[in-house]
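Here are some notes for a first look at this entry. Please keep the structure open while reading.

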Number of protein chains: 2
Amino acid sequence: MSNDLDTVFAALADPTRRTILAMLLEDDMAVTDVAEPFEMSLAAISKHLVILTRAGLISQEKRGRVKWCKLEPDALRAASVWMQGFGQFEPVNLDAFERFLEVELPTDES
Amino acid sequence: MSNDLDTVFAALADPTRRTILAMLLEDDMAVTDVAEPFEMSLAAISKHLVILTRAGLISQEKRGRVKWCKLEPDALRAASVWMQGFGQFEPVNLDAFERFLEVELPTDES
DNA sequence: GGTTTGGTCAACCATTTGGTTGAATATGCG
DNA sequence: CGCATATTCAACCAAATGGTTGACCAAACC
């Protein structure tokens with residue numbers, strides 16, 4: 001569960017990958033087209049896309065010999081909700097949020 | 001470009017550090033007390049705190065021989081703003097949040 | 001003053017990350 | 001068929017990450 005957030009945040013921690021997400025915001029794209037504006041190899045971009053896919057941030061569907069990349073905002077939604085617990089905490093929500101975080105806080109008293 | 005987001009997201013990508021943030025949500029804590037529930041060395045926790053500090057997510061102030069850690073939600077807000085650049089699921093996010101509150105927070109006025 | 005307490009530093013280690021190149025695998029085209 | 005295109009795979013590399021231990025410094029206490 002919090003492993004989910006691990007991979008999502010780790011995926012977001014790279015500027016190349018964030019740029020890719022922003023590109024996919026406009027429209028679905030083929031892998032080659034995603035790679036075009038970057039000054040790195042196609043293989044490197046392919047790896048980035050794997051990381052984004054494993055984080056659930058995008059999906060890839062192969063049609064013919066072209067693999068299309070599509071933004072999948074669900075994973076981002078989870079991370080966004082997590083952050084709002086800290087960013088704008090209202091006192092009412094605190095308790096519920098802490099339970100929602102599923103922080104496996106090794107509480108000694110339990 | 002946004003090296004800021006790099007460090008913030010990278011800091012959030014580790015479950016130990018997210019747990020620390022959740023602990024600091026309750027109250028400011030000394031380094032030793034932060035480390036207590038974890039099964040790793042104090043030095044390891046100290047490193048995590050440095051990473052959180054450099055990301056701007058917490059601040060540390062030394063009073064006497066005790067160093068106090070304090071949550072600094074501003075950096076998280078920046079990351080949250082970045083996510084809202086993907087504005088299309090911003091409302092969905094809020095929806096999910098409200099649904100979560102309804103489900104997770106039965107004690108509010110019952 | 002000597003010793004405990006709080007915390008960091010330094011050196012080290014294993015694993016992961018982000019990149020490269022070159023070969024391999026499909027798929028489409030003439 | 002034969003060739004070009006789209007993408008991944010495999011091996012490799014340098015640097016970063018997350019952890020350890022032991023020495024170290026600074027503040028507090030008897």
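**Notes on the DNA contacts and the core**

1. Start with a phosphate contact. In this predicted model, a polar side-chain atom of B:S46 sits 2.4 Å from a phosphate oxygen of DNA strand C. B:S46 is also listed among the closest residues to that strand, together with A:S41, A:K47, A:H48 and B:T32. In total, 22 residues surround DNA strand C.

2. Bases are contacted too. From chain A, the side chain of A:K47 places a polar atom 2.3 Å from a base oxygen of DNA strand C. From chain B, an N or O atom in the side chain of B:R65 is 2.8 Å from a base oxygen of the strand.

3. How do backbone and bases share the strand atoms within 4 Å of the protein? Sugar or phosphate accounts for 68% of them, and bases for the rest.

4. Next, look at which elements supply the surface near DNA strand C. α4 (42-54) of chain A gives at least two residues, and so do α3 (31-35), α4 (42-54) and β3 (66-71) of chain B. The largest share, 5 residues, comes from α4(A).

5. The make-up of this surface is mixed. It has 9 nonpolar, 6 polar and 7 charged residues.

6. Now turn to the nonpolar core. The largest one has 57 residues. Those with the most contacts inside it are A:F9, A:L12 and A:L57 from chain A, and B:F9, B:L12 and B:L57 from chain B.

7. Take A:L57 as an example. Leaving aside residues up to four places away in sequence, A:L57 touches residues including A:V8, A:A11, A:L12, A:L21 and A:L52. A:K70, A:L71, A:E72, A:A75 and A:L76 are also among the residues touched by A:L57.

Conventions
Residues numbered from 1 in each chain as written. Chains lettered and ligands numbered in written order. Predicted model: local features only at pLDDT ≥ 70, side-chain atom pairs only at ≥ 80, totals over all residues. Heavy atoms only, no water. Near = heavy atom within 4 Å. Polar contact = N/O pair within 3.5 Å; in protein donor to acceptor, adjacent residues only side chain to side chain. Nonpolar A, V, L, I, M, F, W, Y, C, P; charged D, E, K, R; others polar. Core = buried A, V, L, I, M, F, W, Y, C linked by side-chain atoms within 4.5 Å. Buried < 20%, exposed > 50% of the residue type's maximum accessible area, 1.4 Å probe, protein only. Contact = heavy atoms within 4.5 Å.
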